[in-house]
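Please look at the structure shown here. The paragraphs that follow go through a sheet region, the nonpolar cores and a pair of helices.

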Amino acid sequence: MKLAYVFVEHPILHLDHTFTYCCDGFMLQRGMRVLVPFGNKQIIGFVVRVEEVDASYVETLGYTLRDVIQQIDQEPLLNEELFSLGEWMAQEYLSARIACYQCMLPSKLKPSSNHGHIKMEAWVRYVKDASVKLTTKQQAALTFMKEQQEMLRASFYAQCKSPGKKLIELGCVEVFEKEAQAVLSNTNIEEVSVVLNKDQQYVIQSVQDTMEASIFLLHGVTGSGKTEVFLQLAQNTIEKGLQVVILVPEISLTPQMVKRVTKRFGSHVAIYHSGLNAQEKYEQYQLVKQHKVQIVVGTRSAIFMPFDHLGLIILDEEHDSSYKQDASPRYHCRDIAIQRAKFHQAHVILASATPSLESYARAHKGVYKLLEMPNRVNDCFPDVHVVQMKQAVLNKESYIVSNRLLDAIYDRLQKKEQVILLLNRRGYTPILRCISCGHIQMCPHCELALSYHKEEQVLKCHTCGYQQKVPNHCPTCHEASWRYLGIGTQKLEEFIQIKFPQARILRMDADTTMKKNAHEEIFSSFGRKEADILLGTQMIAKGLDFENVTLVGIVNADAMLQRSDYRSAELTFDLLAQACGRSGRGSKQGEVIMQAYDPNHYAIQCAAKHDYLNFFQQEMKYRHLGGYPPYRYLISFVISHKEEQYVQQAIQYMMRIVDKKTDCKVLGPATLLKLKDLYRMRVILKGKNQQLLQLYAKDVYLQHISLKLKAKLDIDVNPLMLE
């Protein structure tokens, strides 16, 4: 008798153990999906082990085993490496293993009950010559099909529709179904002759001379030519018959990276990011699995592509928080890259102009190999000016854009040069307040103010997505006296358009990039100089390379410093330093104008001076004093429920457990803002020993399950955000 041990896809994911089913009559292997009975339902399961047992063994179990209903796959979806990776993730991030396996696969292949059907296409193939006399056109069609052997039916009909149908009727050609496949573009490889500078040569040689698998931190200033280094290293890796994955943090950075890669390596590049639909993701996944491509360019989830001979992993903008998954399992892409590199004996390149403090500290300790590129390719940094907005407002200048920035924009428009304006807040204004009574329109589901979007005349919550029409009267005092406080990208666009009526403006934020390929269309248009000003949120602040941009204006440069998160200074420095790097990347001198109400903050001053090392040293002092990463490890527990009493009950039980942990520090409990109708409270464990903290966290997790509390527990190992 054959038994299959199956993980099931179930809402109660803490059922982190297998269920046993009889599978006689099926050719099951580890890693296949099966349809199994579970209670009174039929759900999808994931086979992790198959074994032969005697019938007598089954009798000793004391219960009746049920049978597998259906075998879904004909071959395993995950290889042994990915199975081991899932086990490691479950331990590292305190997550159910089924959740780890789910995040590795495109949605069409996930072990989930709501998996979609894979798109099939009609194909035709030659079977035999005709036994009856054919017309001249029919014979020509059959000869053509005999040469092709098989092809898409649509293509066959395009060549010979009526004769083709007759051949199908006669049985000379047959129709069959085949999985839809990604169509590789006809991009031609461009012959390029690149002269590398000393910094680029040093980095490439250092990586190539390192025989053993290593982790490199490439700290290269903006405009230092890091992308060319990636391409050269990728070329060397491919020539060895190995695979390469190049990761970018956000979908907005994908188009330019894909363009650079396909120009160098042609059409045989897979692209994998959240902008693709489920079928497109599946097709790109299959390109890698079937060895039709050797390079993958994508965002965070591309790290799980089915590589079997991986040679190089590159994380561009490695500092970016987008590499951290915000749902269980809450993995960091950098950790997954390092784990996969260990298995494949591959090199990992962590690259950034503003490395995360954790990575730079590890490089200084020798855990990573530090490679520096301190000079720009054009050997010229932009001039940076910081405008004191308090003084500008006192001088009766606009609180939106200072006179200095307005003058600089006018100058660039006269010279036919381009401008980038950064404001990291979308919408028109973030707050709508009644002048009479001070009432602020809040989201009914979150303890957050609704943002006003003028174009649609609605108020939106940027957290849960709730929206409503702008009320005519205040619901508290019934006066029709609204005041719009603050500034968003819509208001900035309106202001700039009024000041410069002839300017062609493109806005890039979450509202303008909802449509498919919107990022690429906006960047392509700006790159063709069809617009003078590109205005947007943080998605325009990093990774972009436009030679004609000579001015970057940063509105509300110190806005993120108001956050209560311990990383607020680091996030501010990263954003400003990256935004500064968009200016003056060509032959023309660049300029950056930052507008700030707290211009003397060290994050702003260091960004203005392009001085990462000084910022690193100052910020590390504060991290050491506060006992925050990289000096301590953190584990966050967030309890949530729609009823506050259940949150309070669960937090009381948790505090009884964590208060007994004497060799770590307990922070909390702290009440968080209500989001999406959920009351939330948080407790944080802080300590020097990550393994010990994880043991404590697992104890909390298991006791929370055993108590069968109604409130939900979310665990985040090494959280990046504590707001």
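How many bridges join strand 10 to strand 16? The model is a predicted one, and in it strand 10 and strand 16 (residues 369-373) run parallel and are joined by five bridges. Within this pairing, leucine 218 has leucine 371 of strand 16 as its bridge partner. Strand 10 also pairs with strand 15 (residues 347-352), again in the parallel sense and over five bridges. There, leucine 218 stands opposite alanine 351. Leucine 218 therefore has a partner in strand 15 and another in strand 16, where pairing of two strands requires at least two bridges between them.

Strand 10 itself spans residues 215-220, and six of its six residues are buried. This holds for both faces of the strand: Ile215, Leu217 and His219 lie on one side, Phe216, Leu218 and Gly220 on the other, and all are buried.

Next come the nonpolar cores. In soluble globular proteins, nonpolar side chains tend to be buried together. The largest nonpolar core in this model counts 156 residues, and Met89, Ile349 and Met594 have the most contacts inside it. For isoleucine 349, the residues touched, leaving out those up to four places away in sequence, include Phe216 and Leu218; both of these belong to one face of strand 10. Isoleucine 349 also touches Val207, Phe230 and Leu233, as well as Leu312, Ile313, Ile314 and Leu315. Separate from the largest core is a second one of 25 residues, with Met389, Leu405, Ile533 and Val555 among them.

The last region is a helix pair. Helix 4 (residues 136-148) contains glutamine 138. Is glutamine 138 buried or exposed? Its relative accessible area is 14%, and because the cut-off for buried is under 20%, glutamine 138 counts as buried. Beyond its neighbours within four places in sequence, glutamine 138 is in contact with Pro163, Lys166 and Leu167.

Those three residues are among the helix 5 residues that make the contact with helix 4. Helix 5 covers residues 153-170; the axes of the two helices are 9 Å apart and the packing angle is about 115 degrees. The crossing of helix 4 past helix 5 is left-handed. On the helix 4 side the contact is made by Lys137, Gln138, Ala141, Leu142, Phe144 and Met145, and on the helix 5 side by Phe156, Gln159, Cys160, Pro163, Lys166 and Leu167. By class, this contact consists of eight nonpolar, two polar and two charged residues.

Note on methods
Residues numbered from 1 in each chain as written. Predicted model: local features only at pLDDT ≥ 70, side-chain atom pairs only at ≥ 80, totals over all residues. Heavy atoms only, no water. Helix = DSSP H or I, 4+ residues; strand = E, 2+ residues; numbered from the N terminus. Buried < 20%, exposed > 50% of the residue type's maximum accessible area, 1.4 Å probe, protein only. Contact = heavy atoms within 4.5 Å. Axes fitted to C-alpha atoms, helices over the stretch in contact; angles between N-to-C directions. Left-handed = near helix turned anticlockwise from the far one by under 90°. Nonpolar A, V, L, I, M, F, W, Y, C, P; charged D, E, K, R; others polar. Core = buried A, V, L, I, M, F, W, Y, C linked by side-chain atoms within 4.5 Å.
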